[in-house]
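Trainee: I'm new to this one. Could you show it to me and let me ask why things are called what they are called?

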Amino acid sequence: DGSYRKNQPNLTTLLVQPISTVLAKKLASSPEDTVQKDRCMPLHLPATGKKRISLNIQSVTTYKTISNVIGYLKGSVFPDRYVIIGSHHNSLNTYGGQDWASSTAIITAFIQALMLKVKRGWRPDRTIVFCSWGGTSFGNIGSYEWAEDLKRVLQRNVVAYVSLHNPVRGNSTLHPVASPSLQQLAAESQSFNCVEKTKCAASNVSSVQIQGDSDYFINHLGVPATQFSYEDIKTSENLSFLSEALFPVHSTKTEELDPSFSLHETIAKLTGQVTLQIANEPVLPFNALDIALEVQNSLKASVLLFLFLGDEADIPQLLAVASGLRDTAELFQSDEMRPANDPKERAPVRVRMLNDVLQSLEKSFLVHQAPPGLYRNILYRLDERTNQFSVLLEAREHCKLHQSNETLQAALSEVLNSINSAQVYFKAGLDVFETVLSGKK
């Protein structure tokens, strides 16, 4: 209450009411179609004429309080650098359903384990912030408003976001997701904790769009994020960024998915290990080269888009830009990362400078505007099967529809500007290190 939100006259005032397929069939099919119950029939209006449908909506708009629960464990070496681990609780004083229970249980167990270490005098190097968000099912309201209020501080201080959004929604496949700079850490943690080989045979970490409260941190702050979750193969193949807004389906109880809570225990260990490594390692365990490789692969996969534009001559130049970013990232990582990780050469000022560069690696890849349903952070793909930059794919579809390549050119410009910006950022980091090491001002 009291927060200013700009007027958006382009938003529709129409109400949306999801309905079941059973009701849709009753409304749209003629009486003779309803007799064949076992056949899959296409829905169509009767040929006899129009059908009028009256919908009586008895909604009452009211204000409700949405609360976040925030706690923190202050770091001893870098207290002004935050690792955020986020779960969510159910909203508006209702506790039905299972989606929030798993994340709440895991973050509670993790906090209890950490408190045993704290009582013995232990402290993390960086501050760990524990967040249980409210209003997630209404559009990530709790996390969005909290982060929006503290945006300037969070932009400067948050180094990573670890998500516990609905971590056990199936029991067949462990599905790790991480931004490119954290993929190596997620894969190493998964293989280290993998005892039951049938449950995690491969360390296939992808950078697909993550649902839930990590959205603001990824798309508005450019913060590296990671998440471990168990899924069923069917659901992982049909991910949708609007899945939480779809008509509700029967959800399996947690006790049926994981009766011994072994899956919960695995997620707690993986999440805890990744969080502690980010919080404790002197040099942030972020991989600059993996970002460059992800960009290079996405650009190679998008060559068909350039052929579609008729820009065959520009393809070598475009690939050269990505190759240049890779060379710069490789140099940055090989020459600068290893000395800072050597205890004999670990000068505090050098570690701090290196971490400041690593912390902002992904911010260059935030585009100003993204099509609906796509991330502003272009490093994240739409799904497991999409290798190209999602914004370029969407722009190509727009191009086909409107017979104009203006949208595609604009999207390509955004992508290339991001790559060039990242390369300049890497080079500037190298220049600073060279200046400091040579004793120059």
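Mentor: Sure. The protein has 15 helices and six strands, and keep in mind that this is a predicted model.

Trainee: Why is Ile141 called partly exposed?

Mentor: Buried means under 20% relative accessible area and exposed means over 50%, with partly exposed in between. Ile141 has 31% relative accessibility, so it counts as partly exposed. You'll find Ile141 in helix 3, residues 141-149.

Trainee: What makes Ile141 eligible for a surface patch?

Mentor: Patch residues need over 30% relative accessible area and no salt bridge. At 31%, Ile141 is over that cut-off. Together with Ile66 and Phe138, Ile141 makes a nonpolar surface patch of about 240 Å².

Trainee: And inside, which residues of the largest nonpolar core touch the most other members?

Mentor: Phe217, Ile278, Phe365 and Ile419 do, in a core of 90 residues. Helix 15, residues 406-437, gives the largest share of this core, with nine residues.

Trainee: How do you know that the core draws on domain 1 and domain 2?

Mentor: At least three of its residues come from each of domain 1 (69-280) and domain 2 (288-439).

Trainee: What is Ile419 in contact with, leaving aside neighbours within four places in sequence?

Mentor: Val295, Leu299, Val321, Leu325 and Phe365. Contact means heavy atoms within 4.5 Å, so each of those five has at least one heavy atom within that distance of Ile419.

Trainee: How much of the protein is buried?

Mentor: Of its 441 residues, 44% are buried. As for the accessible surface, that comes to about 24500 Å², and 55% of it belongs to carbon and sulfur atoms.

Notes
Residues are numbered from 1 along each chain as its sequence is written. This is a predicted model: local features need pLDDT of at least 70, side-chain atom pairs count only at pLDDT 80 or more; totals for chains, interfaces and linings use all residues. Side-chain values use heavy atoms; hydrogens and water are left out. A nonpolar core is a set of buried Ala, Val, Leu, Ile, Met, Phe, Trp, Tyr and Cys residues joined through side-chain atoms within 4.5 Å. Buried means under 20% relative accessible area, exposed over 50%, partly exposed in between (1.4 Å probe, protein chains only). Helices (H or I, at least four residues) and strands (E, at least two) are DSSP runs, numbered from the N terminus. Domain bounds come from an automatic or database domain assignment. Patches are made of residues with over 30% relative accessible area and no salt bridge: like charges are joined within 9 Å, nonpolar side chains (Val, Leu, Ile, Met, Phe, Trp, Tyr) within 5 Å. Accessible areas come from the Shrake-Rupley method with a 1.4 Å probe; for residues, only the protein chains shown count as cover. A salt bridge is a side-chain nitrogen of Lys or Arg within 4 Å of a carboxyl oxygen of Asp or Glu.
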